[in-house]
Amino acid sequence: MTDNEWETTSFPQYTDQQEAEIIRRSPIVDVARDLGITVADRGDGNFTGVCPWCQPSDFVIYSDEGNWICYGCSESGRDVLILVCKVRELWRADAIQWLEQRLNRQASQ
Ligand SMILES: [Zn+2]
């Protein structure tokens, strides 16, 4: 996906249900890796990573809850969508679309 494609892609409207489904199918750890965040299994079901904003740091992904926080710079979010919004600097609708296209890419591989 090039930057240009982003600009020319139209805005789909998603229902809350569609959003929830896209989020459900997007495991936060996999998405974090696709966003370029180095993530390591902490061994207790949670993951630590290198914070995209303040590196090297105490970035933790709670994979069961799907939320995340950096104890270095206090960036945090309640779900995978917020992570995409903040890392890619996207609006919510664009972040949903990013996640959906990621799923579509996986489906076509
Ligand atoms: Zn940080």
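This short talk describes the fold of one protein, then its strands, and then the packing of two of its helices.

Good morning, colleagues. Please keep in mind throughout that the model is predicted.

I begin with the overall layout. The protein contains 5 helices and 5 strands. Read from the N terminus on, the order of the elements is α-α-α-β-β-β-β-β-α-α. Of the 109 residues, 24% are buried. Among contacts with a separation of 6 or more, 31% join residues that are 24 or more positions apart.

I turn now to the strands, and to β3 in particular. Strand β3 covers residues 59–62. In general, the side chains of a regular strand alternate between the two faces of the sheet. How do the side chains of β3 alternate? F59 and I61 point to one face and are buried, whereas V60 and Y62 point to the other face and are not buried.

Strand β3 has β2 as one of its partners, and β2 comprises residues 47–49. These two strands pair in the antiparallel sense, over 3 bridges. Within that pairing, F47 has I61 of β3 as its bridge partner. Strand β3 also pairs with β4, residues 67–70, again in the antiparallel sense and over 4 bridges. Here I61 stands opposite W68 of β4. The buried residue I61 thus has a place in both descriptions, as the partner of F47 and as the residue opposite W68. Strands β3 and β4 form a hairpin with 4 residues between the strands. In this hairpin, G66 takes a positive phi near 80 degrees.

I move on to the helices α4 and α5. Two packed helices are described by the angle between their axes and the distance between the axes. For α4, residues 80–88, and α5, residues 92–108, the angle is about 105 degrees and the axes are 9 Å apart. An angle from 65 to 115 degrees counts as roughly perpendicular, and α4 and α5 are therefore roughly perpendicular to each other. Which residues make the contact? From α4 they are L81, V84, C85 and R88; from α5 they are R92, A95, I96, W98 and L99. By character, the residues of this contact divide into 7 nonpolar and 2 charged, with no polar ones.

Let us look at L81, which is found in helix α4. Is L81 buried or exposed? A residue counts as buried if 20 or more other C-beta atoms lie within 10 Å of its own; L81 has 22 within that distance, and so is buried. Leaving aside residues up to four places away in sequence, L81 touches I23, R92, A95 and I96. The C-alpha atoms of L81 and A95 are separated by 6.4 Å, and the two residues are 14 residues apart along the chain.

Finally, I consider α5 itself. At 1.5 Å a residue, its 17 residues should span 24 Å, and the C-alpha atoms at its ends are 24 Å apart, which agrees. The buried residues of α5 are A95, I96, Q97, W98 and L99. These buried residues pack against α2, residues 16–24, and against α4. Q101 also has its place in α5. With 14 other C-beta atoms within 10 Å, Q101 is partly exposed. Q101 and I22 lie 79 residues apart in sequence, and their C-alpha atoms are 9.9 Å apart in space.

Thank you for your attention.

Terms used. Residues are numbered from 1 along each chain as its sequence is written. This is a predicted model: local features need pLDDT of at least 70, side-chain atom pairs count only at pLDDT 80 or more; totals for chains, interfaces and linings use all residues. A residue is buried if 20 or more other C-beta atoms lie within 10 Å of its own, exposed if 12 or fewer, and partly exposed in between; C-beta atoms are placed from the backbone. Two strands pair if DSSP finds at least two bridges between them. Axes are lines fitted to C-alpha atoms, for helices over the stretch in contact, and angles run from 0 to 180 degrees between N-to-C directions. Angles under 35 degrees count as roughly parallel, over 145 as roughly antiparallel, 65 to 115 as roughly perpendicular and the rest as oblique. Two residues are in contact if their C-beta atoms, placed from the backbone, lie within 7 Å. Ala, Val, Leu, Ile, Met, Phe, Trp, Tyr, Cys and Pro count as nonpolar, Asp, Glu, Lys and Arg as charged, and the others, Gly among them, as polar. The expected span of a helix is 1.5 Å times one less than its number of residues.
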